[in-house]
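Here are my notes on the model you sent over. I've kept them as numbered points so you can check each one in your viewer.

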Amino acid sequence: MSRPIPCALTIAGSDSSGGAGIQADLKTFQELKSYGMSVITSVTAQNTTGVQGVHHLPPVMIKQQLEAIQADMPLHALKTGMIADIRMMKVVAEAIPYFQAPYVMDPVMVATSGDVLMESEARFYLREHLIPLTNLVTPNIPEAEMITEKNIESAADMEASAEHIVHGFGAGAALVKGGHRMGEALDVLYDGKKMYRFTSDRITTKNTHGTGCTYSAAITAYLSQGVPLEEAVRRAKVYITAGIRHGFSIGKGNGPTNHWAIREEGARDECH
Ligand SMILES: Nc1ncnc2c1ncn2[C@@H]1O[C@H](COP(=O)(O)OP(=O)(O)OP(=O)(O)O)[C@@H](O)[C@H]1O
Ligand SMILES: Cc1ncc(COP(=O)(O)O)c(N)n1
């Protein structure tokens, strides 16, 4: 019998410049050979310099998109990115259990440019109602600090934060990303039993628009193919590191990562 086609879904905002959000996720799914689907939460007018405008879709339209997929499409893993307010989060929280597929949450709060992408009071809803539904949450350091209300200054603090997100808030696993620290690019994964560290050399570049979206989309793609969590993160780290290394100097601000970079680099394993 032939294997089913791996199907992955992103529930996120649209980035008109194509480097982050829905566009980054679909490019990543495609590159990693999972069939990509999308539920759009908000449309942003955005480029490499920042976010110029945001239009939120009515929650009923988000619900309709989710129902359209539930009614007809197979699904093997899903992720969420930008979900700006509580009304949208409620619709998503109701839908997730019906998919019965691994759920990866990128808790998008603020863009690289500093623009706010989630209402501040929504973070409590996200923490109480969405995090317990996840198989994996992928906060960067400021997001992990926001969730746990504790400062992170060291690698040990990152590990404590990942444990807190799992045991304190009910995430299936937590990947705390160190892109915002100096030194090597260290991420820590805690799966409820074991702690793992993933590191790569820090690349000097300003082209990091969409790194978090792309990384979580790569993890989702691998999970949709049945790859176990730790291995999915390991492979996704290789993918995002290549993407950052070959990022595009386009636009006047922070350029996007390169979603096909892994083809240039081959399967070189760059993370340890
Ligand atoms: N300059 C860099 N060199 C190498 N790896 C990096 C660099 N910046 C970020 N990373 C890696 O990219 C991945 C995304 O991490 P990051 O902390 O940037 O997420 P994020 O802040 O959510 O991303 P975004 O920029 O989309 O908000 C992590 O694996 C991180 O270690
Ligand atoms: C629609 C959308 N979703 C997510 C991000 C975060 O990505 P980044 O932090 O790299 O700007 C973004 N800028 N836009």
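1. Burial first: 49% of the 272 residues of the protein chain count as buried. Bear in mind throughout that this is a predicted model.

2. On overall dimensions, a compact globule with 272 residues would have a radius of gyration near 19 Å, and the protein chain agrees with that at 17 Å. The C-alpha trace spans about 50 × 45 × 40 Å along its principal axes.

3. Secondary structure comes to 9 helices and 9 strands in the protein chain. As for how the chain contacts itself, take the contacts with a separation of 6 or more: 68% of them are between residues 24 or more positions apart.

4. Have a look at helix 3 (residues 86-99) and helix 4 (residues 122-130). Their axes are 10 Å apart and the packing angle is about 10°. Angles under 35 degrees count as roughly parallel, and helix 3 and helix 4 are therefore roughly parallel to each other. Helix 3 brings I86, M89 and A93 to the contact, while helix 4 brings A122, Y125, L126, H129 and L130. Sorted by class, that contact has 7 nonpolar residues, 1 polar residue and no charged ones.

5. Now the strands. In a regular strand, side chains alternate between the two faces of the sheet. Is strand 7 (residues 174-177) covered on one face or both? Both: A174 and V176 are buried on one side, and L175 and K177 are buried on the other. K177 is worth clicking on, as it is one of the buried residues here.

6. Strand 7 has a partner in strand 8 (residues 185-190); the two run antiparallel and are joined by 4 bridges. To get the register by eye, start from A174, which stands opposite Y190 in strand 8.

7. One residue I'd zoom in on is L136, which lies in strand 6 (residues 136-137). Why does L136 count as buried? The cut-off is 20 or more other C-beta atoms within 10 Å, and L136 counts as buried because it has 26 C-beta neighbours inside 10 Å.

8. What does L136 touch, leaving aside its neighbours within four places in sequence? The list is V104, G172, A173, L175, I219 and L229. L175 also appears in point 5, as a buried residue of strand 7. If you want a distance to check, V54 and L136 are 27 Å apart in space, C-alpha to C-alpha, and 82 residues apart in sequence.

Methods. Residues are numbered from 1 along each chain as its sequence is written. Chains are lettered from A and ligands numbered from 1 in the order in which they are written. This is a predicted model: local features need pLDDT of at least 70, side-chain atom pairs count only at pLDDT 80 or more; totals for chains, interfaces and linings use all residues. A residue is buried if 20 or more other C-beta atoms lie within 10 Å of its own, exposed if 12 or fewer, and partly exposed in between; C-beta atoms are placed from the backbone. Two strands pair if DSSP finds at least two bridges between them. Axes are lines fitted to C-alpha atoms, for helices over the stretch in contact, and angles run from 0 to 180 degrees between N-to-C directions. Angles under 35 degrees count as roughly parallel, over 145 as roughly antiparallel, 65 to 115 as roughly perpendicular and the rest as oblique. Two residues are in contact if their C-beta atoms, placed from the backbone, lie within 7 Å. Ala, Val, Leu, Ile, Met, Phe, Trp, Tyr, Cys and Pro count as nonpolar, Asp, Glu, Lys and Arg as charged, and the others, Gly among them, as polar. The radius of gyration is taken over C-alpha atoms; the globule rule is 2.2 Å times the number of residues to the power 0.38.
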